[in-house]
Amino acid sequence: MTRTATEKTPVTLLGLGAMGTALARAWLAAGHPLTVWNRTPSRARALAAEGARAAGSAAEAVAANALVVVCLLDDASVEDTLTGTDLTGKDLVNLTTGTPAQARARAAWAAARGARCLDGGIMAVPPMIGVPEAGGHVLYSGARDLFEQHRDTLAVPAGTTYVGEDLGHAALHDVALLSAMYGMFAGAAHAFALIRHEDIDPTAFAPLLADWLTAMAPAVHGTAEQLRCGDYTKGVTSTLAMQVAGTPTFLDTAGEQGVSPELLEPFFALMRRRLAEGGGEEDLTGVIDLLLRRPT
């Protein structure tokens, strides 16, 4: 018997933390039959009142449906939860945050037990789930045909972005993007620290900061092109030499304002090192090569 166009794919969801609960409610709102399980049963019971089926065990939940989504604390909890379940013939979508190596190893572990696997990296916070205009999305990696088979169902909670066949690439993209986010937060923290004890309203400063960061964000495209072609002098607006010459002003200003330079100094040190190696006419792209622990 084939599923009609109006029938919604049944989903099993393991893990009902803040993110798991948001995912569950999005699938329920879209009319997908949903089986849920959580180590703390009260969270499953709350969703049962909203239309989900609460399974008494992880094994029961996995047995209920072919599509099994896992959103747990860490990789170890995924193994602990799935051990003892029958994964034969299941399509396992792992949305648990982990490293690329963990994603590949967990997929191989599940495949050896009969499951097909996708790995996902959630680029959203729970309030963004089920709200298309919020812009949240999930990065997916694994077999493209498996992704395409479940694309519509996976797109219900948040937009989907497929990043390749390598099972580790969703996790890698996830951590790479979040690493850039924390770098931005570090710069913003330093900026707010500089004005903290001045007669400057931080809420008036914030729009200036946000607009400046937005204006600078497209620079990543130039960096990407330089990495692609190997010419770090291509399209340079401000050379590394020029930028290094200006760094004492940032450090002196921090000193005057009583602000630690510890968020800026490591990057400035890399800039000086690249300059010493002869990269004065380059952009900042050469710093990337200094971060690599293996030859480029």
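Is Asp 75 buried or exposed? In this predicted model, Asp 75 is buried, because its relative accessible area is 16% and the limit for a buried residue is under 20%. The residue belongs to helix α4, which spans residues 75-82. When residues up to four places away in sequence are set aside, Asp 75 touches Thr 96, Gln 102 and Arg 106.

The strands of the model are described next. An open sheet is formed by 8 strands, arranged in the order β3-β2-β1-β4-β5-β6-β7-β8 and with mixed pairing. The edges are occupied by β3 (53-54) and β8 (159-162), each of which has a single partner strand, so that one side of each is left without a neighbour in the sheet. In general, the strands of a sheet pair through backbone hydrogen bonds, in either a parallel or an antiparallel sense. Strand β5, comprising residues 91-94, pairs with β6 in the parallel sense over 4 bridges, and within this pairing Asp 91 has Arg 116 of β6 as its bridge partner. The pairing of β6 with β7, by contrast, is antiparallel and extends over 6 bridges, with Gly 121 standing opposite Leu 139 in β7. Strand β7 is in turn joined to β8 by 4 bridges, the two strands running parallel, and the bridge partner of Val 138 in β8 is Thr 160. Strand β7 is also mostly covered, given that 5 of its 6 residues are buried.

Attention then turns to the nonpolar interior. The largest nonpolar core contains 31 residues, and those with the most contacts inside it are Leu 13, Leu 23, Leu 34, Val 36, Val 93, Leu 95 and Ile 129. Two or more residues of this core are given by each of the elements β1 (11-14), α1 (18-29), β2 (34-37), α2 (41-48), β4 (67-70), β6 (116-123), β7 (137-142) and α6 (144-154). Helix α1 provides the largest share of the core, amounting to 7 residues. For Leu 23, the contacts that remain once neighbours within four places in sequence are left aside are with Leu 13, Cys 71, Leu 95, Ile 129 and Pro 157. Apart from this core lies another, made up of 19 residues, among them Leu 14, Ala 55, Trp 109 and Ala 110. In soluble globular proteins, nonpolar side chains tend to be buried together.

Helix α7 is considered last, beginning with His 169, which is found in this helix. His 169 is partly exposed, its relative accessible area being 27%. Not counting residues up to four places away in sequence, His 169 touches Arg 104, Ser 141 and Val 163. The C-alpha atoms of His 169 and Gly 121 are separated by 9.2 Å, although the two residues are 48 residues apart along the chain.

Elsewhere, a nonpolar patch on the surface is formed by Tyr 182, Met 184, Phe 185, Trp 212, Leu 213 and Met 216, which together have about 630 Å² of accessible area. The elements giving two or more residues to this patch are α7 (169-195) and α8 (202-216). Met 184, a patch member found in helix α7, counts as partly exposed because its relative accessibility is 37%, a value between the cut-offs of 20% and 50% that separate buried from exposed residues.

Conventions: Residues numbered from 1 in each chain as written. Predicted model: local features only at pLDDT ≥ 70, side-chain atom pairs only at ≥ 80, totals over all residues. Heavy atoms only, no water. Patch = residues over 30% accessible without salt bridge, like charges linked within 9 Å, V, L, I, M, F, W, Y side chains within 5 Å. Areas by Shrake-Rupley, 256 points an atom, 1.4 Å probe, with all protein chains shown as cover. Salt bridge = Lys/Arg side-chain N within 4 Å of Asp/Glu carboxyl O. Buried < 20%, exposed > 50% of the residue type's maximum accessible area, 1.4 Å probe, protein only. Core = buried A, V, L, I, M, F, W, Y, C linked by side-chain atoms within 4.5 Å. Contact = heavy atoms within 4.5 Å. Pairing = 2+ DSSP bridges.
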